[in-house]
Amino acid sequence: MPGVERRRRLKLASLVATLALLTAIAAGGGTAVAKKRQAKSPTANVTVNANQVVPPAPTPTSQGILTSTAVLGKKFKGRQIDDVNVTLVGSASGAGSSIGVLNAKLTAPNGNTVLLFSDFLFGQTLGPLTLDDETPVFLNGGGTPSSDPEALNAPYAGKAAPSSPLIEMDGGPAKGVWTLKIRNEDNNAAHVHTLASWTLQVKTHAPFVTK
């Protein structure tokens, strides 16, 4: 009987060791899969050093338009948009000039267009301003600074939500030409409005497959 009991204990110890090994293998496999999935979820970070003047409005009732583009290439073929953020740096110069005459829109490769900010800002400096849906901070226009902790006042350096939610672009194709358009309502040629640079950040995922 003692021999039988000893064999039972050995079998139990072997079973416990096997279970521990299988658990370790499963845990390692899970980590490998997570890393593999992460590697297959590229994020685009494209900076366009524009250094371009936003043309003045041709007439008091029209707008000058600056168009700048960023291209996401074949690496993003077939990938869909998860999240979009845009960072802008710009300025206005000349006595009496202001960035408050500018508005900006971003257009995705499929033509979906979002208003980033309208003509309500203040001062002569813009940014670096990152427009991001995932922040409660809002752009405070006008010459009076707000004491609200969630208000971003001039010179608008930091992060704030865009005028229209960028989430409207989610699910669309990432690959292709992204277009930033800045419109200028000022027809005073002595006022110079410049887009120094802008950065497009697009998180993507592979298309969801349904069975």
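**Close-ups of a predicted β-rich chain**

In strand S11, Lys181 is the bridge partner of Lys105. That pair is a handy way into the views below, which show a predicted model.

**View 1. Strands S5 and S11 run side by side.**
Here we look at the pairing around Lys105 and its S11 bridge partner, Lys181. Strand S5 covers residues 102-107 and strand S11 covers residues 176-184. The two run antiparallel, with six bridges joining them. As a reminder, strands in a sheet pair through backbone hydrogen bonds, in either a parallel or an antiparallel fashion.

**View 2. The S5-S6 hairpin.**
On to the pairing of S5 with S6, which is also antiparallel and is held by four bridges. Look for Ala104, which sits opposite Phe117 of S6. S5 and S6 make a hairpin, and five residues lie between the two strands. Which residue in the turn has a positive phi? Gly111 does, with a value of about 95°.

**View 3. The open sheet, strand by strand.**
Pull back a little and four strands come into the frame, lined up as S3-S11-S5-S6 in an open sheet. The pairing is antiparallel. Which strands sit at the edges? They are S3, residues 64-72, and S6, residues 113-117, and each of them pairs on one side only. Ignoring direction, neighbouring strands in this sheet are turned against each other by 20° on average.

**View 4. Thr179 on strand S11.**
Staying with strand S11, this close-up picks out Thr179. Is Thr179 buried or exposed? The cut-off for buried is under 20% relative accessible area, so Thr179 counts as buried at 17%. Setting aside residues within four places in sequence, Thr179 has Thr67, Ser68 and Thr69 among its contacts. Lys105, Leu106 and Thr107 are in contact with Thr179 too.

**View 5. Leu116 and its neighbours.**
This view is centred on Leu116 and what it touches, once residues up to four places away in sequence are left out. Its contacts include Val86 and Leu88, along with Ala104, Lys105 and Leu106. Leu131, Pro162, Ser163, Leu166 and Leu180 also touch Leu116.

**View 6. The largest nonpolar core.**
Leu116 turns up again here, as one of the residues in the largest nonpolar core that touch the most other members. The others in that group are Val84, Leu88, Leu106, Phe117, Trp178 and Trp198, and the core has 41 residues in total. Several strands give two or more residues to this core, including S1 (43-48), S4 (80-93) and S12 (192-205). S3, S5, S6, S7 and S11 do so as well. Which strand gives the most? S4 does, with five residues. In soluble globular proteins, nonpolar side chains tend to be buried together.

**View 7. Strand S7 and its two partners.**
Next up is S7, a mostly covered strand, with five of its seven residues buried. S7 pairs with S4 in the antiparallel sense over five bridges, and Ser91 stands opposite Thr125 of S7. S7 also pairs with strand S10, residues 158-160, but this time in the parallel sense and over three bridges. In that pairing, Thr130 faces Lys159 of S10.

**View 8. Gly127 inside strand S7.**
Zooming in on S7, residues 125-131, we find Gly127. Gly127 has a relative accessible area of 13%, which means that it is buried. Leu88 touches Gly127, and so do Pro155, Tyr156 and Ala157, again without counting residues up to four places away in sequence. Gly127 and Pro155 are 28 residues apart along the chain, yet their C-alpha atoms are separated by 6.5 Å.

**View 9. The whole chain, for context.**
Last, the full model: one helix and twelve strands. Along the sequence the helix comes ahead of the strands, as the pattern α-β-β-β-β-β-β-β-β-β-β-β-β shows. Of the 211 residues, 34% are buried. The chain exposes about 11900 Å², and 58% of that comes from carbon and sulfur atoms. If you take contacts between residues at least 6 apart in sequence, 77% of them join residues at least 24 apart.

A word on confidence: the chain's average pLDDT is 85, and 79% of the residues score at least 70. For residues 1-7 the pLDDT stays under 50, and the model gives them zero contacts beyond four places in sequence. Residues 15-39 also have pLDDT below 50, with zero contacts beyond near neighbours in sequence.

Definitions and conventions
Residues are numbered from 1 along each chain as its sequence is written. This is a predicted model: local features need pLDDT of at least 70, side-chain atom pairs count only at pLDDT 80 or more; totals for chains, interfaces and linings use all residues. Side-chain values use heavy atoms; hydrogens and water are left out. Two strands pair if DSSP finds at least two bridges between them. Axes are lines fitted to C-alpha atoms, for helices over the stretch in contact, and angles run from 0 to 180 degrees between N-to-C directions. Buried means under 20% relative accessible area, exposed over 50%, partly exposed in between (1.4 Å probe, protein chains only). Contact means heavy atoms within 4.5 Å. Accessible areas come from the Shrake-Rupley method with a 1.4 Å probe; for residues, only the protein chains shown count as cover. A nonpolar core is a set of buried Ala, Val, Leu, Ile, Met, Phe, Trp, Tyr and Cys residues joined through side-chain atoms within 4.5 Å. pLDDT is the predictor's confidence in each residue, from 0 to 100.
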